[in-house]
Amino acid sequence: MKRVVIRRPGGWDRLELEEAPDPTPSDGEVLVRTDAAGVNYADVIVRMGLYESAKKYVGWPITPGFEMAGTVTAVGAGVEDVAPGARVLGVSRFGAYATHVVLPRDQVFALPRAMTASEGAAFPAVFLTAWYALFELAGAKPGMRVLVHSAAGGVGGALLQLARIAGCTTVGVVGSSAKVEAARALGAGAIIDKSTEDLWRAARRHAPDGYDAVFDANGVETLGESYEHLAAPGRLVVYGFATMIPRGRGRPSWPKLAFDWLRTPRFDPLRLTNDNRSVMGFNLSYLFERRAAFLPALEQLLGWIEAGKLAPPRVTEFPLNEVARAHRALESGTTTGKLVLLTR
Ligand SMILES: NC(=O)c1ccc[n+]([C@@H]2O[C@H](COP(=O)([O-])OP(=O)(O)OC[C@H]3O[C@@H](n4cnc5c(N)ncnc54)[C@H](OP(=O)(O)O)[C@@H]3O)[C@@H](O)[C@H]2O)c1
């Protein structure tokens, strides 16, 4: 097999391709020969050595990657409902940037006929994240007004699509004019291009009484105002801190990290109670021990793909040996949809 390996935290040059013996599935596991692996912003944070759950569960060296699609080539004892030759997509806690991946049976799902392998590999992480944020935490209901930051990106685009299914009214925020069409295609009810207009004045115009839910993975740059623009009651769902990382530099700036950490808003429980607002945070990678709580959602999400209610993510493909170029693109903050690595 071939896999990407990061031996020490750092920049794009830390992404090495290495050969290793093919893995074999143990009891209850399946071996997948992958066609494609999804790239997520979290992988960048893993490479930089700032992703706590990567350090907790794997350490160094690490092969990043939360998702992939391909063909089952072997199954371990006790696996009877999936056989070699099955086309699947899978969700993993790291290790997916590889030509061969072994996974527990329950982390592998039939690849819908409507999806290419690249689309399948791009699907689980962002849609599970969006599903958990929208349905489990924000309690999405018809008529809710929701604001989605980075709406043309991976999770943001999934949030827009799922919020439409839930019957919510959506406002998507994008960081550049080049992303407006992508957000529109994903079904945003209104779009704020914060590169050409004042984000918060426009947000107020679209929802004078505030938003029932705001989804924020920017962190310090928008978190305080995201809270201030909630309705009462209203829920702020926090799931990332991308603005703490300098765009396109390839490595963190320690003074910026420290400064941004200091100025990240702290939320006062007395004020939350008085304001009738909630602030929630989560990181799916810690929830694998309780995966029964979220893996069944993938069945429902894939059902929506089969039924044509959800569109697969729009993907940009990179060969596996150009993984550094894929990370570089994602860190530029200019991409739309999802990036995937081709592993065949
Ligand atoms: N908690 C969880 O379980 C979980 C799971 C998956 C992802 N996430 C988080 O969700 C966020 C989105 O992930 P994704 O993989 O779907 O990425 P993405 O949204 O496709 O790309 C990242 C986007 O973030 C915005 N951004 C803001 N500051 C940035 C910076 N300094 N560098 C680069 N981009 C910046 C840019 O959009 P605009 O300029 O248009 O805003 C950029 O396009 C990330 O913060 C990620 O860590 C969390």
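1. Which residues of α4 are buried? In this predicted model, they are Pro124, Ala125, Val126, Phe127, Leu128, Thr129, Ala130, Trp131, Tyr132, Ala133, Leu134 and Leu137. Because 12 of the 14 residues of α4 are buried, this helix is largely enclosed by the rest of the structure. Its end C-alpha atoms lie 18 Å apart, which agrees with the 20 Å that 14 residues should span at 1.5 Å a residue. The helix is followed by Gly139, whose phi is positive and near 60°.

2. A second helix, α5, can be read alongside α4. With 12 residues, α5 reaches 17 Å from its first C-alpha to its last, close to the 16 Å expected at 1.5 Å a residue. This helix is mostly covered, since nine of its 12 residues are buried, and those buried residues are Val155, Gly156, Gly157, Ala158, Leu159, Leu160, Gln161, Leu162 and Ala163.

3. The two helices also take part in the surroundings of the ligand. At least two residues of the shell around the ligand are supplied by each of α4 (124-137), α5 (154-165) and α12 (323-332). Of the 27 residues around the ligand, those that come nearest are Tyr41, Ser150, Val155, Ile245 and Leu284; Val155 is also listed among the buried residues of α5. By residue class, the shell divides into 11 nonpolar, 13 polar and three charged residues.

4. Backbone atoms approach oxygen atoms of the ligand at several places. A backbone N or O atom of Tyr41 lies 2.8 Å from an oxygen atom of the ligand, and for Val155 a backbone N or O atom is likewise found 2.8 Å from a ligand oxygen atom. For Gly154, the distance from a backbone N or O atom to an oxygen atom of the ligand is 2.9 Å. Of the 910 Å² of accessible area that the ligand has on its own, the protein covers 94%.

5. Strand β5 deserves a separate comment. Four of the five residues of β5 (residues 87-91) are buried, so this strand is largely enclosed by the rest of the structure. Strand β4 (residues 67-75) runs antiparallel to β5 and is joined to it by five bridges, with Thr71 standing opposite Arg87 of β5. Strand β7 (residues 108-110) also runs antiparallel to β5, to which three bridges join it, and here Gly90 stands opposite Val108 of β7.

6. Within β4, the residue to inspect is Glu67. How is a charged side chain accommodated at this position? Glu67 is buried, with a relative accessible area of 0%, and its side chain makes a polar contact of 2.8 Å with the side chain of Asn40. A further polar contact, of 2.5 Å, joins the side chains of Glu67 and Lys338.

7. Two residues allow sequence separation to be set against distance in space. Lys2, which lies in strand β1 (residues 2-5), is 96 residues from Ala98 in sequence, yet their C-alpha atoms are 5.7 Å apart. Because its relative accessibility is 38%, Lys2 counts as partly exposed. Glu225, found in helix α8 (residues 223-228), is 199 residues from Ser26 in sequence and 49 Å from it in space, C-alpha to C-alpha. Glu225 also counts as partly exposed, because its relative accessibility is 34%.

8. Two cis peptide bonds should be checked in the model. One joins Trp60 and Pro61, with omega at about -5°, and Pro61 is found in the loop between α2 (52-57) and β4. Another runs from Ala232 to Pro233, with omega near 0°; Pro233 has its place in strand β12 (residues 230-238).

9. Positive phi values in residues other than glycine form the last point. Phe94, in the loop between β5 and β6 (100-104), has phi near 75°, and at 7% relative accessibility this residue counts as buried. Asn276 is not a glycine either, and its phi is positive at about 55°; this residue is found in the loop between α10 (269-275) and β13 (277-281).

Key: Residues are numbered from 1 along each chain as its sequence is written. This is a predicted model: local features need pLDDT of at least 70, side-chain atom pairs count only at pLDDT 80 or more; totals for chains, interfaces and linings use all residues. Side-chain values use heavy atoms; hydrogens and water are left out. A residue is near a molecule or strand if one of its heavy atoms lies within 4 Å of it. A polar contact is a pair of N or O atoms within 3.5 Å; within protein, one must be able to donate a hydrogen and the other to accept it, and residues adjacent in sequence count only if both atoms are side-chain atoms. Accessible areas come from the Shrake-Rupley method with a 1.4 Å probe; for residues, only the protein chains shown count as cover. Ala, Val, Leu, Ile, Met, Phe, Trp, Tyr, Cys and Pro count as nonpolar, Asp, Glu, Lys and Arg as charged, and the others, Gly among them, as polar. Buried means under 20% relative accessible area, exposed over 50%, partly exposed in between (1.4 Å probe, protein chains only). Two strands pair if DSSP finds at least two bridges between them. The expected span of a helix is 1.5 Å times one less than its number of residues.
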